[in-house]
Amino acid sequence: MIIAFASSIFWTILPPYMWDLGFGFLDIAIVYVSQSVVMILLSRLLGIFADSLGRKKFIVGELVVLLIAYIFLYLCVYSDSLNVLTISTFSALMGLAWAIGSGAFAAAITTSLSRERTGFATGLYVTADTLGWTIGSFVSGALADVFGMGPTLVVSILVIVLGFLTIGFYHEKTIREPISLRRALKDSWALSLPSKDNLLVYLFIIVAVLNIGAAIFFLVFVIKLYMIVGSKTMYGLLSGISGLLSMLVPYFVGKLSESVDKEKILFWALIVRVLFMAVMVFSWDLWVAILFWITPLWPIVMLELISLTTDYSIENRESEAHAVRNLIGMVLQTIGNIIGGLISELINVEANLELMAIILGIGVAFYALGIPLSLILYRKSKISS
């Protein structure tokens, strides 16, 4: 919850804040890419070490880097030093934090119960994550509009400090075999990852197309939504409402995953989400945009991707598997942001906002590839079982 709260400042408020300061889509894309590059280089390596050395150390490391990142951005705001370079540096620090702890976090929680209950454990994980995002979205939007970015960052810094107190209650029980730096480096750049009947390969292909599609689509759509609703307060409020509606969904879907095939749930969630995204390519209607933004479909998709990663991975290599999933997502997200930023620059979207539909349509086309791929994954998993 705490890390999700801190991260929500980055994702919820920063793009509209940059837009108001006069930055364009390509600038926003560069900021996203800077955090992705760090995650691409380090996620799998640090995931391997988390499995070997203990996940708690890496969760603490994530908190440390998050704190450094927000203090740095706070100093940039108050010294009037905000530009693409300084914001990208902040973004890179956020990427480093997530590279250190995201794989360890997902593995620690999804393996906390038995292998038969990964769906339920993942539901709890996504619910807690969503609650943090919800609170962060409510608070950050209003604070940024009323008091400015500086006080908003102070609140996030204080919450991260609270994280150091909270993590003290977590104790690991599993004893792992240490790994050498040389072996970890070798494994981190290996093109293979052992999994049950190679099902991770099919799952990671789905992760790839969803991330490139989402990156292209939401690079533009977050600004479109901000323009439709008219203020950071309203933008943050809607993101918070979306979080509220999403909090209970992962819990119940996690329970449902124990009796219904997770691949089947993923398939139907993707169908509904693609239909919504297709409508928003051309629609500027306020209520349609609100309905799309608050409908809790992404938590369902994310829950199944996380849960299936644990299901398909080899025991005691779960952190690495989640790190690889994050890594693949970041690579394709980076490509998507670059594509979206370059197209927006090429066709000059800032001068004619109706041209947003071109970029949104390309994003939907990539994202829709996840539907037939999820059906293939379902069939492969049935053959495997």
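Which helix does V249 lie in? V249 lies in helix α9, which covers residues 232-256.

## V249 and its partners

This report describes a predicted model. The residue named in the opening question, V249 of helix α9, is paired in space with a part of the chain that is distant in sequence. V249 and P299 are 50 residues apart along the chain, and their C-alpha atoms are separated by 7.6 Å. When neighbours within four places in sequence are left aside, the residues in contact with V249 are P296 and I300.

## The chain as a whole

The secondary structure consists of 15 helices and 0 strands. The chain has 385 residues, and 56% of them are buried. Among contacts with a separation of 6 or more, 87% join residues that are 24 or more positions apart.

The accessible surface of the chain is about 16,000 Å². Carbon and sulfur atoms account for 71% of that surface.

## The nonpolar core

The largest nonpolar core contains 107 residues. Y70, F217 and F221 have the most contacts inside this core. Helix α8, residues 199-229, supplies the largest share of the core, with 22 residues.

In soluble globular proteins, nonpolar side chains tend to be buried together.

## Helices α2 and α4

Helix α2 covers residues 25-53 and helix α4 covers residues 84-110. Their axes come within 7 Å and cross at roughly 25 degrees. An angle under 35 degrees counts as roughly parallel, so α2 is roughly parallel to α4. The crossing of these two helices is right-handed.

On the α2 side, the residues making the contact include D27, I30, V31, Y32 and S34, as well as L42, L46 and A50. On the α4 side, they include V84, I87, S88 and S91, along with G95, L96, W98 and A104.

## Helices α3 and α4

Helix α4 also pairs with α3, and the axes of these two helices come within 8 Å. The angle between the axes of α3 and α4 is roughly 160 degrees. Angles over 145 degrees count as roughly antiparallel, and α3 and α4 are therefore roughly antiparallel to each other. The crossing of α3 and α4 is left-handed.

## The loop between α3 and α4

Helix α3 covers residues 55-78, and S81 lies in the loop between α3 and α4. S81 counts as partly exposed because its relative accessibility is 28%, and the partly exposed range runs between 20% and 50%. Leaving aside neighbours within four places in sequence, S81 is in contact with C76 and T86.

D80 lies in the loop between α3 and α4 too. Its relative accessible area is 71%, so D80 is exposed. D80 is not a glycine, yet its phi is positive, at about 55 degrees. Most residues other than glycine have a negative phi.

## The loop between α13 and α14

A positive phi is also found at N348, which is not a glycine and has a phi of about 55 degrees. N348 is placed in the loop between α13, residues 318-347, and α14, residues 356-368. With a relative accessible area of 40%, N348 is partly exposed.

Definitions and conventions
Residues numbered from 1 in each chain as written. Predicted model: local features only at pLDDT ≥ 70, side-chain atom pairs only at ≥ 80, totals over all residues. Heavy atoms only, no water. Core = buried A, V, L, I, M, F, W, Y, C linked by side-chain atoms within 4.5 Å. Buried < 20%, exposed > 50% of the residue type's maximum accessible area, 1.4 Å probe, protein only. Helix = DSSP H or I, 4+ residues; strand = E, 2+ residues; numbered from the N terminus. Contact = heavy atoms within 4.5 Å. Areas by Shrake-Rupley, 256 points an atom, 1.4 Å probe, with all protein chains shown as cover. Axes fitted to C-alpha atoms, helices over the stretch in contact; angles between N-to-C directions. Parallel < 35°, antiparallel > 145°, perpendicular 65-115°, else oblique. Left-handed = near helix turned anticlockwise from the far one by under 90°.
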